[in-house]
Amino acid sequence: MEEKKKTIAVIGGGASGILCSILLKQALKDVNVIIFERQERIGKKILQTGNGRCNLSNNSISWKDYNTCGVDGVLQQFTPKKCKEVFTSLGLWLDEDNEGRIYPYSYRAQTVLDVLLEKIKELEIEVITNFNVLEIKALDDFSIYSTDLRLYHADYVIMATGGLASINKNDNKCFNSYEILKSLGHHIIEPIAGLCALKTKEKTKSLSGLRMKVKASIINNNEKHTSYGEVLFKDEGLSGIVIFDLSRFYRHNEHSIIELDFFPTYTEEEIKQKIGTRPLKLALCGCLPKMIVQDVLTRSKNKTIEEIIFLLKHYTYTITQSYGFANAQITMGGVLFNEVNPFTMQSLLIKKLYLIGEVLDVDGKCGGYNLHFAWASAYVAANDIIKNFN
Ligand SMILES: Cc1cc2nc3c(=O)[nH]c(=O)nc-3n(C[C@H](O)[C@H](O)[C@H](O)COP(=O)(O)OP(=O)(O)OC[C@H]3O[C@@H](n4cnc5c(N)ncnc54)[C@H](O)[C@@H]3O)c2cc1C
């Protein structure tokens with residue numbers, strides 16, 4: 001009698017799920033690899049990444065750029081060089097900017113998705129869309145139930161369901177994966193929005209639209225993190241890459257301050273010397289946008305040169321909240337990373353269950369780090385399944 005084909009179910013057709021299914025099917029020809037996706041298409045978020053250009057990795061990837069050193073086991077196996085090899089082998093041309101960020105040569109996220117979708121077609125990977133997984137039961141095999149009560153069975157399950165970032169509030173209610181994983185015994189660190197803009201108590205509307213290169217720090221009760229880059233003033237707060245990076249350190253239940261330094265390369269004394277005896281307002285207009293000059297004059301109580309220079313080096317904003325998941329690039333929190341084997345991504349609680357990508361409590365800084373982890377964990381999980389397949 002012919003033996004029944006084994007099935008690997010990949011739950012979630014995002015970056016990690018798509019790459020994992022391709023790597024699996026390339027190696028395991030006689031296995032059904034099925035992607036279950038709750039939306040009407042797979043890979044939708046890839047199109048949003050890097051402002052539509054998809055910053056897919058970075059040459060300087062290190063565990064130090066993530067919230068947990070545990071990711072090192074994954075990163076060692078999937079270096080930026082390996083990432084480039086894998087995508088090149090899939091037919092994607094690549095390019096890098098002078099800060100080491102890796103992009104498709106076309107600088108179009110659509111090209112990345114096109115290459116992945118072509119491969120899925122070529123390998124005849126089954127894709128079932130509009131299938132919102134509601135529950136998974138792990139007995140002899142896995143039973144996978146959708147919200148509309150369809151049922152599939154699988155020998156392996158890969159949870160690649162991502163997080164809540166870029167999902168609006170109403171749609172949040174359809175996001176079941178944390179509940180599914182809890183019912184399988186896993187623990188969830190409360191998800192919060194990361195790499196996002198921050199709302200401030202102080203008004204920013206008069207500066208809205210202004211971009212400036214600054215040194216910025218976030219100061220929580222007893223810790224301070226600093227980053228250099230562009231801040232973008234919004235109607236109700238601060239955005240821009242530097243703020244996105246610092247938002248990873250914003251703890252919602254703590255009193256947090258953002259401090260901007262508009263003159264990171266000068267000391268207060270040096271600024272004072274450069275201004276010399278020129279009238280203050282005129283001197284400031286030679287080095288700052290007029291909107292900032294106006295704003296700092298409004299902030300200043302006694303209008304002395306010393307006070308104004310101090311303010312410009314310590315321009316503080318009190319954070320009231322983030323702009324929320326709908327406007328965030330990533331989810332911080334998710335399944336405890338120490339509940340998976342960091343060298344294989346297999347659950348330590350349930351055999352043949354793998355967790356990859358953002359569903360885990362792993363977050364990295366801006367610049368290709370989060371997609372890199374999505375690809376890396378997919379690669380590691382696929383390798384482990386291929387090696388030990390039974
Ligand atoms: C606007 C934006 C820009 C970004 N830019 C970059 C960038 O340039 N570089 C970078 O490194 N990172 C970037 N990121 C972050 C990056 O996109 C994510 O870290 C990455 O996509 C995570 O991959 P994933 O496979 O874990 O999850 P996702 O890509 O979120 O995929 C998860 C998939 O699972 C599906 N799903 C969820 N639950 C279920 C269920 N119960 N049943 C069936 N299907 C389900 C979802 O619909 C989704 O398709 C950006 C994110 C956003 C929102």
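Here are some friendly notes on this predicted model, arranged by region.

1. **Starting with the ligand.** A good first stop is the shell of protein around the ligand. In this model, 33 residues surround the ligand, and the closest are Ser 16, Glu 37, Lys 45, Glu 358 and Leu 371. Sorted by class, that shell has 12 nonpolar, 17 polar and 4 charged residues.

2. **Polar contacts to the ligand.** Which side chains should you look at here? Try Glu 37, where a side-chain N or O atom is 2.6 Å from an oxygen atom of the ligand. Next, turn to Gln 39, whose side chain places an N or O atom 2.9 Å from a ligand oxygen. Glu 358 also takes part, with a polar side-chain atom that lies 2.5 Å from an oxygen atom of the ligand.

3. **How much of the ligand is covered?** Taken alone, the ligand exposes 1,000 Å², and the protein buries 93% of that. If you want to see which elements supply the shell, look for α1 (15-27), α2 (44-52) and α13 (369-388), which are the elements that give two or more residues to the shell around the ligand.

4. **Salt bridges, beginning in helix α4.** The structure holds 17 salt bridges. One of them links Glu 85 with Lys 81, and the closest N and O atoms are 3.9 Å apart. A salt bridge is counted here when the nitrogen and the oxygen are within 4 Å, so the 3.9 Å between Glu 85 and Lys 81 falls within the cut-off. The two residues are 4 residues apart in helix α4 (residues 80-89), so about one helical turn separates Glu 85 from Lys 81.

5. **A second bridge to Glu 85.** Glu 85 also meets the side chain of Lys 82 in a salt bridge, at 3.3 Å from N to O. Lys 82 and Glu 85 both lie in helix α4, 3 residues apart, which is about one turn of the helix. Are these side chains buried or exposed? Lys 81 is exposed, with a relative accessible area of 60%. Glu 85 counts as partly exposed at 38% relative accessibility, and Lys 82 counts as partly exposed at 24%.

6. **Another bridge, and a network.** For a further example, find helix α7 (residues 177-183), where Lys 182 and Glu 179 both lie, 3 residues apart, or about one turn of the helix. Their side chains meet in a salt bridge of 3.3 Å, N to O. Lys 182 counts as partly exposed, at 43% relative accessibility. Back in the earlier group, salt bridges that share partners join Lys 81, Lys 82 and Glu 85 into one network.

7. **Strand β8 and its partners.** Strand β8 (residues 142-146) is mostly covered, since 4 of its 5 residues are buried. On one pairing, 5 bridges join strand β7 (residues 133-138) to β8, and the two run antiparallel. Within that pairing, Ile 136 stands opposite Ile 144 in β8. A hairpin joins β7 to β8 through 3 residues.

8. **From β8 to β9.** β8 also pairs with strand β9 (residues 151-154) in the antiparallel sense, over 4 bridges. To trace one bridge by eye, start at Phe 142, whose bridge partner in β9 is Ala 154. The hairpin of β8 and β9 has 4 residues between the strands, and in this hairpin Leu 149 takes a positive phi near 65 degrees. As background, strands of a sheet pair through backbone hydrogen bonds, either parallel or antiparallel.

9. **A three-stranded sheet.** What is the order of the strands in the open sheet of 3 strands? The order is β3-β5-β4, with antiparallel pairing. β3 (57-58) and β4 (94-96) stand at the edges with a single partner strand each, so one side of each is left without a neighbour in the sheet. The pairing of β3 with strand β5 (residues 101-104) is antiparallel and runs over 2 bridges. In β5, Ile 102 is the bridge partner of Ser 57.

10. **One last residue to find.** Phe 233 is in strand β14 (residues 224-233). Phe 233 has a relative accessible area of 1%, and buried means under 20%, so Phe 233 counts as buried. Phe 233 and Thr 204 are 29 residues apart in sequence, while their C-alpha atoms are 6.5 Å apart in space.

Technical notes
Residues numbered from 1 in each chain as written. Predicted model: local features only at pLDDT ≥ 70, side-chain atom pairs only at ≥ 80, totals over all residues. Heavy atoms only, no water. Near = heavy atom within 4 Å. Polar contact = N/O pair within 3.5 Å; in protein donor to acceptor, adjacent residues only side chain to side chain. Areas by Shrake-Rupley, 256 points an atom, 1.4 Å probe, with all protein chains shown as cover. Nonpolar A, V, L, I, M, F, W, Y, C, P; charged D, E, K, R; others polar. Buried < 20%, exposed > 50% of the residue type's maximum accessible area, 1.4 Å probe, protein only. Pairing = 2+ DSSP bridges.
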